[in-house]
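Grab a pencil and work through a few short exercises on the fold and one of its loops. Try each task before you read its solution.

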Amino acid sequence: MKSFIGTYGCKIDDKGRLKVPSALVKQMEDFGEAPFVVKRSVFQNCLEIYPMKHWEKLMEKINRLNRFVKKNADFIRMFTAGVKTVELDTSGRIQISKDLMLFANLKKEIVITSAGELFEVWDKEAYEDVVATSEDDFAKIAEEVMGNLSFAPNPEAPTNP
C-alpha cells in the first residue's frame with residue numbers, strides 16, 4: 001500500500017484553490033486518474049485527503065456498521081459530513097469548498113503533510129501549534145503508541161556475525 005511522504009508549505013487563495021506542490025503531485029500520480037476525497041478530520045481542525053481506493057476501503061468498513069444502532073448512524077453522518085471529491089486541474093490545483101475551508105480555518109498560508117495513506121491540509125499557524133510539542137512529550141506518546149508493538153524481524157536485513 002502506497003503512502004505519502006513529505007511536509008509542504010503552500011498557499012490557498014480566497015476561492016479555495018490550493019496549488020499542490022510538484023513533489024506531491026508526482027506522488028498523487030501513483031493513484032491514477034481517480035479523484036481524491038476531502039473530508040474533515042475527526043480529531044483536529046484540519047482536512048484529510050484520501051486517494052479514492054483508500055477511501056473506498058475505509059467506507060467498506062464503515063458500511064458494515066448497523067445503521068439501526070443510533071450511535072452508528074450518528075457516527076456515519078458526522079464522519080461523512082462535508083465529504084467532497086476533488087481532482088487536480090491542469091494547473092496542479094485542487095478546489096477546497098468554502099465549508100471545508102471554514103472548518104479547517106484555512107487562511108492564505110497552509111501546510112500539507114503526509115499521514116500515511118492520506119495527507120492532511122492545515123492552516124500553517126494551527127499546524128505549527130500542534131507539532132510544537134517537547135521532545136519528552138513526543139517520546140512519551142511514541143512509547144505509548146509504538147512501545148508494545150511487536151515488529152517482525154526483516155529477513156533481508158544483514159545480521160551481525
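Three exercises follow, each with a worked solution.

This is a predicted model, where local features need pLDDT of at least 70, side-chain atom pairs count only at pLDDT 80 or more, and totals for chains, interfaces and linings use all residues. Residues are numbered from 1 along each chain as its sequence is written, and side-chain values use heavy atoms, leaving out hydrogens and water.

**Exercise 1.** Work out how many helices and strands the protein chain has, and their pattern.

Step one: count up six helices and eight strands. These are DSSP runs numbered from the N terminus, with helices being H or I of at least four residues and strands E of at least two.
Step two: read along the sequence to get β-β-α-β-β-α-α-β-β-α-β-β-α-α.

**Exercise 2.** Place N105 and describe its backbone and exposure.

Step one: find N105 in the loop between helix 4 (98–104) and strand 7 (109–115).
Step two: check phi, which is near 55° for N105, a positive value in a residue other than glycine.
Step three: look at the relative accessible area of N105, 44%. That makes N105 partly exposed, because buried means under 20%, exposed over 50% and partly exposed in between (1.4 Å probe, protein chains only).

**Exercise 3.** Find what K107 touches beyond its sequence neighbours.

Step one: go to the loop between helix 4 and strand 7, where K107 is found.
Step two: skip neighbours within four places in sequence, and K107 is in contact (heavy atoms within 4.5 Å) with I12 and D123.
Step three: compare C-alpha atoms, and K107 and D13 are separated by 8.0 Å despite being 94 residues apart along the chain.
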